[in-house]
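Grab a pencil and have a go at these exercises before you peek at the solutions. Each one has a task, followed by a walk through the steps.

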Number of protein chains: 2
Amino acid sequence: MAKNIQSLERAAAMLRLLAGGERRLGLSDIASSLGLAKGTAHGILRTLQAEGFVEQDALSGRYQLGAELLRLGNSYLDVHELRARALVWTDDLARSSGESVHLGVLHQGGVLVVHHVFRPDDSRQVLEVGAMQPLYSTALGKVLCAFDPVAHSDALEAERRPLTPHTVTLPERFEAELSAVREKGWASDVEETWQGVAAVAAPIRDRHGMAVGAIAATGATERICDPEGAGDRGDGGPGRIRTDLVAAVRDCARAVSRDIGNGRF
Amino acid sequence: MAKNIQSLERAAAMLRLLAGGERRLGLSDIASSLGLAKGTAHGILRTLQAEGFVEQDALSGRYQLGAELLRLGNSYLDVHELRARALVWTDDLARSSGESVHLGVLHQGGVLVVHHVFRPDDSRQVLEVGAMQPLYSTALGKVLCAFDPVAHSDALEAERRPLTPHTVTLPERFEAELSAVREKGWASDVEETWQGVAAVAAPIRDRHGMAVGAIAATGATERICDPEGAGDRGDGGPGRIRTDLVAAVRDCARAVSRDIGNGRF
DNA sequence: TATATCGGTCGACATTGTCGAACGCCGTCT
DNA sequence: AGACGGCGTTCGACAATGTCGACCGATATA
């Protein structure tokens with residue numbers, strides 16, 4: 001493989017650095033973080049600024065991400081074929097289930113949310129399109145790991161930090177769960193990522209049977225799970241998710257799979 | 001001013017090209033569009049692909065925008081201070097007015113929507129965060145033109161294509177409207193951009209009095225405008241907008257202005 | 001006021017990206 | 001079937017390009 005363009009790699013690293021750090025960063029911070037000379041870093045930043053990818057606070061001189069990224073990110077959504085096909089199906093799923101629905105795809109060792117339908121009530125909700133979710137603890141992530149070898153190895157080599165007391169961290173238990181997901185054809189997340197929140201997810205497959213994305217219904221544990229057993233998670237078996245919800249999510253995922261050209265699922 | 005980095009400018013031009021064209025583009029198209037040798041274009045695209053900014057369809061070999069842009073665009077929203085301050089105020093405005101609310105900032109000769117609160121009902125709505133609106137015909141755009149000299153000149157030199165029969169295209173009428181906006185302190189758009197849709201907008205000002213953004217309430221003309229006069233727009237006077245809605249939008253914009261450190265407005 | 005650090009500039013250097021030709025591949029047309 | 005034309009990709013030589021580190025003025029700090 002031929003060499004990639006150095007200045008572009010460095011510019012991308014800067015954008016990621018600015019995206020990671022919560023606050024604005026100064027030129028010297030950026031230069032030292034990437035091991036560059038100040039002059040070099042400034043040249044790249046100046047160009048990125050002229051193109052709208054970064055903005056500079058006039059007073060402090062610090063840099064932050066620019067508006068052009070938002071515009072391009074939106075254009076990405078416009079072109080996204082899977083998302084376009086899923087729009088109407090996910091909308092129906094949200095209405096019929098009464099829960100919020102997410103569409104996620106694999107991206108850089110995590111799940112990128114490319115579509116999010118709010119729960120159909122008046123509660124205040126924040127849009128999560130563009131946000132990342134971990135592979136090892138979310139329903140979307142587990143589905144993708146179970147049916148996509150790349151996601152699987154990504155999740156294995158990543159650090160599985162416990163996010164709640166229910167998070168599965170041991171490799172063997174994680175593997176067992178993925179096997180179960182493969183067998184069942186769907187995955188769940190009962191308070192493994194966020195306290196009080198549960199989710200069900202099913203894979204979207206293209207015409208070759210490859211998992212190209214996943215659809216999940218997410219909501220408060222009390223609504224997603226059956227009330228039986230006093231709500232305790234117990235042995236970790238997956239039987240507690242409401243079966244009608246599982247069926248609805250799987251139907252939705254199948255419908256989208258069919259829509260993108262896969263007649264078998 | 002020192003020269004900007006050539007390869008970065010070219011990469012940015014490619015991303016914008018991909019964002020503009022609806023469909024995926026081939027390497028030869030991209031190279032010829034930008035006047036580059038195929039080898040050069042390929043080197044840039046290869047790097048952009050490795051960084052996740054573009055993706056390549058495995059079968060056709062064509063290129064499209066990449067998921068990393070969505071992630072970075074989302075990060076941009078996280079850092080956006082004005083948006084963060086406006087979140088709760090715009091939410092309240094949407095609830096009290098019953099209409100959808102947009103927060104826009106000036107970006108590259110247009111209005112970039114950085115926040116969008118859905119109208120609080122169950123109707124199907126598409127999120128417009130990241131979308132661009134024209135300066136000359138929308139309420140958001142006119143407010144920014146009226147109070148921001150840069151936006152003003154941008155709008156003047158741009159082509160004002162008529163979007164509906166009500167769009168103001170003549171320069172003198174546009175200027176007169178901006179003067180009125182400056183005097184009133186708010187702007188309206190009654191079916192000048194979209195048929196059947198009207199909007200009211202007011203500016204957000206920073207501690208120096210500069211307009212840094214605008215807030216708009218948008219909805220069906222029948223709900224935004226007073227029913228008087230049988231709904232015909234007539235002489236173009238702005239008196240038809242519901243006065244309570246104007247007050248609510250202006251109050252919201254003032255509240256955000258106060259929140260970002262401007263006590264005067 | 002002295003000082004440390006900031007963002008920004010400049011010019012010499014050689015690394016780096018650019019160019020154009022050539023390659024293998026695939027689909028189409030003859 | 002065969003030849004063709006177009007596709008994305010690779011390669012190597014060249015010099016244009018981006019990089020580096022010292023330097024500058026302004027600003028914040030003490």
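**Exercise 1.** Find the place of Glu191(B) in chain B, then decide: is Glu191(B) buried or exposed?

*Solution.* Keep in mind that you're working with a predicted model. Start with the place: Glu191(B) sits in the loop between β6 (187-190) and β7 (197-205) of chain B. Next, check the accessibility. Buried means under 20% relative accessible area. Glu191(B) has 15% relative accessibility, so it counts as buried. Finally, look at the backbone: phi of Glu191(B) is positive, about 60°, although this residue is not a glycine.

**Exercise 2.** Now do the job for Gln108(B): where is it found, and what does its relative accessibility make it count as?

*Solution.* Place first: Gln108(B) belongs to the loop between β3 (100-107) and β4 of chain B. Then the accessibility: partly exposed covers the range between 20% and 50%. With 44% relative accessibility, Gln108(B) therefore counts as partly exposed. Its phi is a positive value near 50°, and Gln108(B) is a residue other than glycine.

**Exercise 3.** Which backbone atom does the side chain of His116(B) reach?

*Solution.* Begin by locating His116(B): it's in strand β4 (residues 110-117) of chain B. Its relative accessibility is 8%, so His116(B) counts as buried. Now list what it touches, leaving out residues up to four places away in sequence: Ser100(B), Val101(B), His102(B), Val126(B), Leu127(B), Glu128(B) and Val129(B). Pick out Glu128(B) from that list, and you have your partner: the His116(B) side chain reaches the backbone nitrogen of Glu128(B) at 3.0 Å.

**Exercise 4.** Why is helix α6 of chain B largely enclosed by the rest of the structure?

*Solution.* Take the helix, residues 139-147, and go through its residues. Among those that are buried are Ala139(B), Lys142(B), Cys145(B) and Phe147(B). The full tally is nine of the nine residues buried, so α6(B) is largely enclosed by the rest of the structure.

**Exercise 5.** How do helices α5 and α10 of chain A cross, and which residues meet there?

*Solution.* Take α5(A), residues 81-97, and α10(A), residues 243-259: their axes come within 9 Å and cross at roughly 160°. Angles over 145 degrees count as roughly antiparallel, so that's what α5(A) is to α10(A). The crossing is right-handed. Residues of α5(A) including Leu82(A), Trp89(A) and Leu93(A) meet residues of α10(A) including Leu245(A), Val249(A) and Cys252(A). Sort the contact by class and you get 10 nonpolar, two polar and two charged residues.

Key
Residues are numbered from 1 along each chain as its sequence is written. Chains are lettered from A and ligands numbered from 1 in the order in which they are written. This is a predicted model: local features need pLDDT of at least 70, side-chain atom pairs count only at pLDDT 80 or more; totals for chains, interfaces and linings use all residues. Side-chain values use heavy atoms; hydrogens and water are left out. Axes are lines fitted to C-alpha atoms, for helices over the stretch in contact, and angles run from 0 to 180 degrees between N-to-C directions. Helices (H or I, at least four residues) and strands (E, at least two) are DSSP runs, numbered from the N terminus. Angles under 35 degrees count as roughly parallel, over 145 as roughly antiparallel, 65 to 115 as roughly perpendicular and the rest as oblique. A crossing is left-handed if the near helix is turned anticlockwise from the far one by less than a right angle, and right-handed if clockwise. Contact means heavy atoms within 4.5 Å. Ala, Val, Leu, Ile, Met, Phe, Trp, Tyr, Cys and Pro count as nonpolar, Asp, Glu, Lys and Arg as charged, and the others, Gly among them, as polar. Buried means under 20% relative accessible area, exposed over 50%, partly exposed in between (1.4 Å probe, protein chains only). A polar contact is a pair of N or O atoms within 3.5 Å; within protein, one must be able to donate a hydrogen and the other to accept it, and residues adjacent in sequence count only if both atoms are side-chain atoms.
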